[in-house]
Amino acid sequence: QVQLVESGGGLVQSGGSLRLSCAASGNIWRISTMGWYRQAPGKQRELVATITILGSRITYAESVKGRFSISRDSAKNTVYLQMDSLSPEDTAVYYCNVKDPYRVPPDYWGQGTQVTVSS
């Protein structure tokens, strides 16, 4: 099992910044990828950014490229999402996600943290 604890959401004005954190514990040696997804009201959950454990390969959604930055601190087993130039369209619940390829299903999810961007 893997446990995820998120922090860092909140209310920010358009153009502002926030940083999300997600600390993993438990069977972390099994994790292959860490990342962030988000779900806005009435919409499906979507990928925001992911980073692989081996090689630190990063993937971003097109909508956040150039504004968001994902990083990982291996010593703290923590993944971060730095969000700059936020817009109201970024308002959503943000979920930390890690993948364990040895498990079916492979996904673990955090509890979610609300990000609200006011215009």
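Let's start at a turn: in the hairpin of β5 and β6, 5 residues lie between the strands, and G55 takes a positive phi near 85°. Please keep in mind throughout that this is a predicted model.

**Around β5**

The two strands of that hairpin run antiparallel, with 3 bridges joining β5 to β6 (residues 58–60). One pair to look for is T50 and T59, where T59 in β6 is the bridge partner of T50. On the other hairpin of β5, the partner is β4 (residues 33–39), and 6 bridges join these antiparallel strands. Here T33 stands opposite T52 in β5. The β4 and β5 hairpin has 6 residues between its strands, and G42 in the turn shows a positive phi of about 75°.

How many residues of β5 are buried? Of the 7 residues in this strand (46–52), 5 are buried, so β5 is mostly covered.

The two hairpins can be set side by side:

| Hairpin | Residues between the strands | Glycine with positive phi |
|---|---|---|
| β4 and β5 | 6 residues | G42, about 75° |
| β5 and β6 | 5 residues | G55, near 85° |

**The four-stranded sheet**

Now to an open sheet of 4 strands, which follow the order β1-β3-β8-β7 with antiparallel pairing. Why is one side of β1 and of β7 left without a neighbour in the sheet? Both β1 (2–7) and β7 (68–73) stand at the edges, and each has a single partner strand, so one side of each remains unpaired within the sheet. On average, neighbouring strands of this sheet are turned by 15° against each other, with direction ignored.

At the β7 edge, the pairing with β8 (residues 78–83) is antiparallel and spans 6 bridges. If you would like a place to check this by eye, D73 stands opposite T78 in β8. As a general reminder while you look, side chains in a regular strand alternate between the two faces of the sheet.

**The disulfide**

A search of the whole structure turns up 1 disulfide. C22 and C96 form this disulfide, and their sulfur atoms are 2.0 Å apart. The pair links distant parts of the chain, 74 residues apart: C22 lies in β3 (residues 18–26) and C96 in β9 (residues 92–99). Is the disulfide left-handed or right-handed? The torsion about the S-S bond of C22 and C96 is about -80°, so the disulfide is left-handed. Both C22 and C96 are buried. C22 also leads back to the open sheet, since its strand β3 stands between β1 and β8 in the strand order.

Conventions:
Residues numbered from 1 in each chain as written. Predicted model: local features only at pLDDT ≥ 70, side-chain atom pairs only at ≥ 80, totals over all residues. Heavy atoms only, no water. Pairing = 2+ DSSP bridges. Axes fitted to C-alpha atoms, helices over the stretch in contact; angles between N-to-C directions. Buried < 20%, exposed > 50% of the residue type's maximum accessible area, 1.4 Å probe, protein only. Disulfide = S-S within 2.5 Å.
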